[in-house]
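Colleague: I am new to this structure and would like a close look at a single part of it. Could you take one pairing of side chains and then lead me outward from there into its surroundings?

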Amino acid sequence: VCEEPEPLKGKHLEEIPLNNLTCDCVHYEEPTINTTGSDTHVQVGNPAHLVCNVTGCPEAAVIWTTPQGDAFSEDSEDPRFSVLSDGGLVIHGTEITDSG
């Protein structure tokens, strides 16, 4: 079921004519992920800053997953995990279970 764009919201894919499915990409580009600049070692209790620069077309959504399987995106509300608008992640008050 479509969530966006608004004119297609709530419709099933098979209900949408093919000519209504368009992409803003001039050409498709496989996503690449660059994590250069991420904290790789922090002391427990300190914040960790993880970088996630994603390029590709169409634009990819960034979802972070913990070793325990919890998922976080930019609209998540867990106060310990902040997903930034650039795709980065800040873990406030790291715990030993955050490693992985």
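Modeller: In this predicted model, the side chains of E95 and R80 meet in a salt bridge, with a distance of 3.7 Å from N to O. The pair links distant parts of the chain, since E95 belongs to the segment after β7 while R80 sits in the loop between β5 (71–72) and β6, 15 residues apart. Side chains of opposite charge can pair in this way when their charged atoms come close. The structure holds two salt bridges, and the one between E95 and R80 is among them.

The strands β6 and β7, used above to place these two residues, also take part in an open sheet of three strands, which has the order β2-β7-β6 and antiparallel pairing. Its edge strands are β2 (48–50) and β6, each of which pairs on one side only, and the twist from one strand to the next averages 15°. Between β2 and β7, which run antiparallel, there are three bridges, and A48 stands opposite I91 in β7.

Staying with β6 (81–83) and β7 (89–91), one finds D86 in the loop between these two strands, and D86 gathers with E74, D75 and E77 in a patch of negative charge on the surface.

Elsewhere along the chain, a cis peptide bond joins C57 and P58, with omega at about 5°, and the place of P58 is in the loop between β3 (53–57) and β4 (64–65).

Key. Residues are numbered from 1 along each chain as its sequence is written. This is a predicted model: local features need pLDDT of at least 70, side-chain atom pairs count only at pLDDT 80 or more; totals for chains, interfaces and linings use all residues. Side-chain values use heavy atoms; hydrogens and water are left out. Patches are made of residues with over 30% relative accessible area and no salt bridge: like charges are joined within 9 Å, nonpolar side chains (Val, Leu, Ile, Met, Phe, Trp, Tyr) within 5 Å. Accessible areas come from the Shrake-Rupley method with a 1.4 Å probe; for residues, only the protein chains shown count as cover. A salt bridge is a side-chain nitrogen of Lys or Arg within 4 Å of a carboxyl oxygen of Asp or Glu. Lys and Arg count as positive and Asp and Glu as negative; His and the chain ends are not counted. The place of a charge is taken as NZ of Lys, CZ of Arg, CG of Asp or CD of Glu. Helices (H or I, at least four residues) and strands (E, at least two) are DSSP runs, numbered from the N terminus. Two strands pair if DSSP finds at least two bridges between them. Axes are lines fitted to C-alpha atoms, for helices over the stretch in contact, and angles run from 0 to 180 degrees between N-to-C directions.
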